[in-house]
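Biologist: Please take one part of this model and go through it closely. I would like a single strand and whatever surrounds it, in plain terms.

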Amino acid sequence: MKNIETEIVIDAKPDVVWNTLMKTDEYEEWNPFVRKLEGQVEKGEQIAITLKQINGKEMEFKPTIVELVPNKELRWQGKLFIKGVFDGEHYFKLEPVGSDKTKFIHGENFGGVLIPLMGGVLKSTEEGFKAMNEALKVRCERG
């Protein structure tokens, strides 16, 4: 098992950050990492995601939403090819900081037999998380 976790403090309340994350049809306007998220964002639903790595390569997945707590957490589980090869549980967590800020925690738990061979992909993924975090911060703080 391998975990990547990033975080950033955003000068906006959790509901503002959450609402920005839930406007998935606007991702192409601001999100450098999750370029598309299509489908119903509801627990148990399968969605279609297009990720853009820092190197410009796009990857498509069809994960399932496994956790959805408004203003607090969104989590989906996906796999590359078949379960057990390269699996990931991606998450966004929002924690209030004082009365008007949010700690945005963005991470993924990886598993599968290919993990030891995926160092470059994992590093690129972490950079993608950080780029998305920064873009989300700008989007939320500018309103």
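Modeller: Start with a single pairing: Lys52 has Glu58 in E4 as its bridge partner. Bear in mind throughout that the model is predicted. A second pairing involves Leu51, whose bridge partner in E4 is Met59. Both belong to a longer contact, since strand E3 (residues 48-52) and E4 run antiparallel and are joined by 4 bridges. Strands of a sheet pair through backbone hydrogen bonds, and the pairing can be parallel or antiparallel.

The connection between the two strands comes next. E3 and E4 make a hairpin, with 5 residues between them. In that turn, Gly56 has a positive phi of about 95 degrees.

The hairpin is part of an open sheet of 3 strands, ordered E2-E3-E4, with antiparallel pairing. Strand E2 (34-38) and strand E4 (58-61) are the edge strands, each pairing on one side only. From one strand to the next, the twist averages 10 degrees.

Now the two faces of E4. In a regular strand, side chains alternate between the two faces of the sheet. On E4, Met59 and Phe61 make up the covered face, while Glu58 and Glu60 make up the uncovered one. The bridge partners already named can be placed on this pattern: Glu58, the partner of Lys52, is on the uncovered face. Met59, the partner of Leu51, is on the covered face.

Phe61 leads to an enclosed space. The whole structure has 1 cavity of 30 Å³ or more, and the volume of the largest cavity is about 210 Å³. Its lining consists of 19 residues, and those closest to its centre are Leu51, Phe61, Gly88, Glu108 and Phe110. Two or more lining residues come from each of E3, E4, E6, strand E7 (86-97), E8 and helix H3 (119-142). E6 supplies the largest share of this lining, 5 residues. Sorted by class, the cavity lining has 10 nonpolar, 6 polar and 3 charged residues.

E4 also contributes to an open space. The largest pocket holds about 210 Å³. It is lined by 13 residues, and Lys62, Pro63, Gly78, Lys79 and Leu80 lie nearest its centre. E4 and strand E6 (73-80) are the elements that give two or more residues to this lining. Again E6 has the largest share, here 4 residues. The pocket lining divides into 4 nonpolar, 4 polar and 5 charged residues.

E8, which was listed among the contributors to the cavity lining, deserves a look as well. Strand E8 (residues 101-111) is mostly covered, with 8 of its 11 residues buried. It runs antiparallel to strand E1 (residues 2-10), and 9 bridges join the two. In one of these pairings, Ile10 has Thr102 in E8 as its bridge partner.

Last, the aromatic rings. A search of the whole structure finds 4 aromatic pairs. In one of them, the ring centres of Tyr27 and Trp30 are 5.5 Å apart and the planes stand at 75 degrees, so this pair is edge-to-face. Tyr27 and Trp30 are both buried. They are 3 residues apart in helix H2 (residues 27-30), which means that about one helical turn separates them. Elsewhere, ring pairs link Trp76, Phe92 and Phe104 into a cluster.

Notes: Residues are numbered from 1 along each chain as its sequence is written. This is a predicted model: local features need pLDDT of at least 70, side-chain atom pairs count only at pLDDT 80 or more; totals for chains, interfaces and linings use all residues. Side-chain values use heavy atoms; hydrogens and water are left out. Rings of Phe, Tyr and Trp (its six-membered ring) pair if their centres lie within 6.5 Å; planes under 30 degrees apart count as stacked, over 60 as edge-to-face and the rest as tilted. Buried means under 20% relative accessible area, exposed over 50%, partly exposed in between (1.4 Å probe, protein chains only). Two strands pair if DSSP finds at least two bridges between them. Axes are lines fitted to C-alpha atoms, for helices over the stretch in contact, and angles run from 0 to 180 degrees between N-to-C directions. On a 1 Å grid over the protein atoms alone, a cavity is a set of points where a 1.4 Å probe fits but cannot get out, and a pocket is an open set with protein on both sides within 12 Å along at least five of seven lines; lining residues have an atom within 4 Å of a point. Grid points are joined across faces, edges and corners, and a volume is the space filled by probe spheres set on the points. Ala, Val, Leu, Ile, Met, Phe, Trp, Tyr, Cys and Pro count as nonpolar, Asp, Glu, Lys and Arg as charged, and the others, Gly among them, as polar.
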